Amino acid sequence: MSTPAPEPAISRPHEAAERRLHPVTPLRRAWAPVTVVVGWAVHDPGQAQKQLTKLTATTLLAGLAALVLAAALYGFLTWWFTHFAVTETELRIRTGLLFRRTAHIRLDRLQAVDVTRPLLARIAGVAKLKLDVIGTAKKDELAYLGEAEARRLRAELLARAAGFAPETAHEVGEAPARTLLHVPPRMLAVSLLLTGATWGPLAAALVVPTVLWFVTHSLWTVFAVGVPLAGAATRSAGRFATSYDWTVGESPDGLRIDHGLLDRAHETVPPGRVQAVRIVEPLLWRRHGWVHVRLDVAGSSNSVLVPVAPREAAEAVIARVLPGVTVPSSLSRPPRRAGWCVPFWWRGHGLAVTDTVFAARRGLLRRSLSLVPHAKVQSVRLTRGPWERLLRVADIHVDTGANKTVTARLRDAEEAQALLYAQADRSRTGRRDARPDRWMASFIL
């Protein structure tokens, strides 16, 4: 009587070793107990002042020492109970002191891995790793890691997301990048000065408080109105600091964007995830031929591709974001009878449909040209109001995967009807022929 053959042993994947964050991380998390006390004092300042007057100097010093000790202990414990590990299929992050939370981030769902270095973090030599995952509105993050470790971990995550074997992912390293565009600080500063969002609040901050003083002679009124206006006027300085040294580079894992004067950011535009590109041309920029480029990326908050650049340079970058797409040089306007719907401003609308892209323009003073590849169109709609039906015009709405809509307004009714069915066919064909979205495609193929 023969004995049955033993069943083969089931091999289990090797359990990845868990790692901790950088030792300076407790300093970031130690502020929680302090913010509780400050929040209580701000919520009821009268009661807080009353309680402080009852305390002696010795009691106050002892309370401050206890607060510092509690903050240090809280920061240390939250750091001690935070671990992360990279397995063959996911990044696992375990956090929580009292209530445990474990995040399982699938590597094949990674959309972008960004490295940011705030000013204090740069001084300490650490960085923050932000993970953009498909289907989540909020980014998970690892804060903080050493700068070198953050870059190595980013390269490893992208390599594993691209399909490299775990044992070789460490050897891939960070993919090389080739610089496509750099925004000079002088061009950035001039572009901000030529934007209404800069000189408008600045003029209001100078004029409105002065007028209020002569009318009311109330210092509190001037202060209450002037402070918000001054804050709005200084936003341009923040935009300058954020966009300073803006550099766009091309690498196998997507376009890389580095920028920031005080806080440095290293962002990635995921390959194949861009749903639409918007070229914005303010009125005062046209003399210089400058444009601003924004992106609609599915499930990502990354939106600015180029803060300001000559149109030719911006279109060269767009050609790398949307391979095979050429920005149309001419667009057709709506019929003249559309002027009865939108007097004068109807001239700012335009439409062009090529073999690869649906392009719609709007705006007369501040032009905005939206480009949607046919493969990224999710649905097409035609709408007509009573007045539009009378004038035989209609609007065509193209919905993208980033929950955004691009509209070609006031088209001829027969043209819009034909475009509705033609665009549906183009989108179906474009999705069928589109290349798969893969990280580091040139390394694998």
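# Notebook: a look through the predicted model

**Entry 1, a loop residue and its patch.** I began with Phe81, which I found in the loop that runs between α4 (57–80) and β1 (83–86). I note here that what I am reading is a predicted model. I then asked whether Phe81 is buried or exposed, and with a relative accessibility of 32% it counts as partly exposed. Phe81 also belongs to a nonpolar surface patch of about 840 Å², in which I listed Leu73, Tyr74, Phe76, Trp80, Leu97, Leu98 and Phe99 as the other members.

**Entry 2, aromatic rings in α4.** Two members of that patch, Phe76 and Trp80, held my attention, since both lie in helix α4, 4 residues apart, or about one turn of the helix. I looked up the aromatic pairs and the count came to 5. Phe76 and Trp80 make up one of these, a stacked pair with 5.9 Å from centre to centre and 25 degrees between the planes. Trp79 joins Phe76 and Trp80 in one aromatic cluster. For accessibility I wrote down 39% for Phe76, which makes that residue partly exposed, and 37% for Trp80, which is likewise partly exposed.

**Entry 3, the chain as a whole.** I stepped back to take in the chain, and I noted 15 helices and 19 strands. Of its 445 residues, 40% are buried. The chain exposes about 24900 Å², and 61% of this area comes from carbon and sulfur atoms. I also looked at contacts between residues at least 6 apart in sequence, and 55% of these join residues that are at least 24 apart.

**Entry 4, Pro118 and what it touches.** Pro118 sits in the loop between β4 (110–117) and α5 (119–124), and its relative accessible area of 21% makes it partly exposed. The cut-off matters for this reading, because buried means under 20%. Which residues does Pro118 contact once its neighbours within four places in sequence are left aside? I found Tyr144, Leu262 and Asp263. I also looked up Ala265, which is 147 residues from Pro118 in sequence, while the C-alpha atoms of the two are 8.1 Å apart in space.

**Entry 5, salt bridges.** I turned next to charged side chains, bearing in mind that side chains of opposite charge can pair when their charged atoms come close. The count of salt bridges came to 17, and I followed three of the pairs in turn.

In the pair I took up first, the side chains of Arg117 and Glu147 meet at 3.5 Å, N to O. Arg117 lies in strand β4 and Glu147 in helix α6 (residues 147–161), so this salt bridge ties together parts that are 30 residues apart in sequence. Glu147 has a relative accessibility of 27% and so counts as partly exposed.

I then went to Asp245 and Arg264, which form a salt bridge whose closest N and O atoms are 3.4 Å apart. Asp245 lies in the loop between α11 (235–243) and β8 (247–251), and Arg264 in strand β10 (residues 264–269), so the pair ties together parts that are 19 residues apart in sequence. I checked the accessibility of both partners: Asp245 is partly exposed at 28%, whereas Arg264 is buried at 15%.

The next pair I looked up was Arg337 with Asp412, whose side chains meet in a salt bridge of 2.3 Å, N to O. Where do the two partners lie? Arg337 is in the loop between α12 (311–321) and β14 (350–353) and Asp412 is in strand β19 (residues 405–412), so that the pair, 75 residues apart, links distant parts of the chain. Arg337 is partly exposed with a relative accessible area of 22%, and Asp412 is partly exposed with 23%. I also noted that Glu281, Arg311, Glu315 and Arg367 are joined into one network by salt bridges that share partners.

**Entry 6, helix α9.** I ended with α9, which covers residues 196–216 and has 21 residues. From its first C-alpha to its last, α9 reaches 29 Å, which is close to the 30 Å expected at 1.5 Å a residue. Which residues of α9 are buried? They are Thr198, Ala205 and Pro209. After α9 comes His217, and I noted that its phi is positive, near 55 degrees.

Terms used: Residues are numbered from 1 along each chain as its sequence is written. This is a predicted model: local features need pLDDT of at least 70, side-chain atom pairs count only at pLDDT 80 or more; totals for chains, interfaces and linings use all residues. Side-chain values use heavy atoms; hydrogens and water are left out. Patches are made of residues with over 30% relative accessible area and no salt bridge: like charges are joined within 9 Å, nonpolar side chains (Val, Leu, Ile, Met, Phe, Trp, Tyr) within 5 Å. Accessible areas come from the Shrake-Rupley method with a 1.4 Å probe; for residues, only the protein chains shown count as cover. A salt bridge is a side-chain nitrogen of Lys or Arg within 4 Å of a carboxyl oxygen of Asp or Glu. Buried means under 20% relative accessible area, exposed over 50%, partly exposed in between (1.4 Å probe, protein chains only). The expected span of a helix is 1.5 Å times one less than its number of residues. Contact means heavy atoms within 4.5 Å. Rings of Phe, Tyr and Trp (its six-membered ring) pair if their centres lie within 6.5 Å; planes under 30 degrees apart count as stacked, over 60 as edge-to-face and the rest as tilted.
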